[in-house]
Amino acid sequence: MQAYGGDRYQIGTIALGLILVKIILLFVLAWNSLFVMDEFGQLGYAKYLFRELFDTIQPSKAAGSTAFFKLAHLVGWDATSILLVGRIQTALLGCAIVAMVYACARALGEDRVRALSIVLVLLCFSNFMERVFRTIAEPLAVFFAVAALLVVVRAHALSARHILAAGVLSGLAFLATQKSVYFNVALGLGLVTDATMMRRYSTGLARGACLVLGWTLSILVYCFVFGGSNPVPIAESLVFGPIEVATRGGVEYGGLRHMVLQTLLRNVVLYVFCFSGMALSLMRFRQLEERNRIALIFSIVITVLVFIHDQPWPYVFIMALPFMSLWSLAPLDRIVANTRHFRIASVALVTAVVLSFVSNIVYLRFNNAAQLELVARAESLLAPGDRYFDGIGMLPNRSEPSTLWLDRHYVLATLRQGDRSEAYEVFSKSPPKMILWSYRTEYIYPVIAPLIRNSYVTVAPNLRIAGRRLYLDEQEVFDVPFSGVYGLYSATGTPLRGAVDIDGTVFDPPVHLSSGPKAVTLRMGSGEALLLPQGSYAGRFKHGSDNLSMFANAYD
């Protein structure tokens, strides 16, 4: 491939410098960016690892990413630190992906400067910079998929051993998220189609068999590790969980195709270079080296599968971007002889790179300060054994009575099922001490209202605790959600002395209350008090209204 002109040493130095700035920005974004609801759930599932994990996650999923995020639980010391350590952990994974893309580019014949330029193009995609650090399964899957391709393209003479290793890595990607079947299909088609087009049919069959064998080995080990002597249920969870999600589709969200348009418009120049680069390379397919042909087929197939996926959330695109970027410089090679066209294309590409830095900085306006404040406050109000409910798992180190996932599907199901729903069952049979309120709990309020209206009291924005607000000599109904010792507290959480009339009997709290409705009247003390489960609350309450827009712009 031809050079694209200019002082190559200077271009390489600039590219490396810009990459380093991008890496710094990646960690800044990881630390500060708004959390998407999925991040809490997928990171939090690690607390169930080897402890009824497959009875807990809804729907059943591969647990590879859960095992990966267990490290954040081991390193972190509280809920906030676990969330941030998870982000940094995944950002480091993103750096590893970037390094392997560089290695792939070098293996495909690119020199150092061009390989650095390809990496820079990848880092300029807004979806990559804004999603690759998320505590979700996709970054881990991409890591293994890029590693699988790297094993193939670095082999001097592609052998069964290399393909078997690639199959194992491809299987590990599948165990991170079953969406990685896309990687498996893309790599398989790359290996088999290349051999078939070269009329080496037996080679194609052998490659396919080795790849499937490697993939199967990963699956078998996984099933026995998590299933022990009974691996069949674990294997079933790898099949039937994804089928449930796939058949459901994205219709309940009103369709998600606008996300495709969003990423195309934000990265139009970069997509033009990548798409045209793949097309131009395909036109000279037979002139390419074997490893380039395999990588090209892999890149085209994964790109098509990702873009036609019926739930194209923004983070899904990171499954294609590393492979698309490998071909981003091919258009420059085609027009290098035409000075005018080459200059226009170069200016367009440089402009896209500059604008990507602006986009990264602007994206920081969607920060996670309010989310982390809520997490820290909620954790401070819960003892290690206390349970909470929010439908999204915001506290990765605290237990929930149910891991009901309140996405659009389950919100609609809850509204449809009413008192037969899982949410209703939670509050009627195993009520939590605390509720973290968001727009999703607001959606299902009509269903759970009878069970929480007289049982929980707001003590801070987005936080409700089992209890009742009492006013001097005014009778209130307190439907005690669970039996225990209850005391009187001020609006700031400091303990209060006073007398409380409960069903006609006056007590000097703390007092043990059984579950069920009670007629409660504050008889002595200040004019207002909170009757709450006994605990340490001083300075942890806060006045203010719920922030139902805490997750707004998460996919912008």
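**Exercise 1. Find which residue of strand E10 is the bridge partner of valine 485, then place strand E7 among its neighbours.**

Solution. Start with the bridge: valine 485 is partnered by histidine 512 in E10. Helices (H or I, at least four residues) and strands (E, at least two) are DSSP runs, numbered from the N terminus. Next, take the pairing, which requires at least two DSSP bridges between two strands. E7 and E10 (residues 511-513) pair in the antiparallel sense over three bridges. E7 also pairs with strand E12 (residues 528-533), again antiparallel, over four bridges; there, leucine 488 has leucine 531 as its partner. Finally, check the cover: five of the six residues of E7 (residues 484-489) are buried, meaning under 20% relative accessible area with a 1.4 Å probe, protein chains only.

A word on the input: this is a predicted model, where local features need pLDDT of at least 70, side-chain atom pairs count only at pLDDT 80 or more, and totals for chains, interfaces and linings use all residues. Residues are numbered from 1 along each chain as its sequence is written, and side-chain values use heavy atoms, leaving out hydrogens and water.

**Exercise 2. Test the length of helix H19 (residues 369-380) and find what its buried residues pack against.**

Solution. First, multiply 1.5 Å by one less than the number of residues. For the 12 residues of H19 the expected span is 16 Å, and the end C-alpha atoms lie 17 Å apart, which agrees. Then list the buried residues, among them Leu372, Val375 and Glu379. Lastly, look for contacts (heavy atoms within 4.5 Å): the buried residues pack against helices H2 and H5 and strands E2, E3 and E4.

Methods:
Buried means under 20% relative accessible area, exposed over 50%, partly exposed in between (1.4 Å probe, protein chains only).
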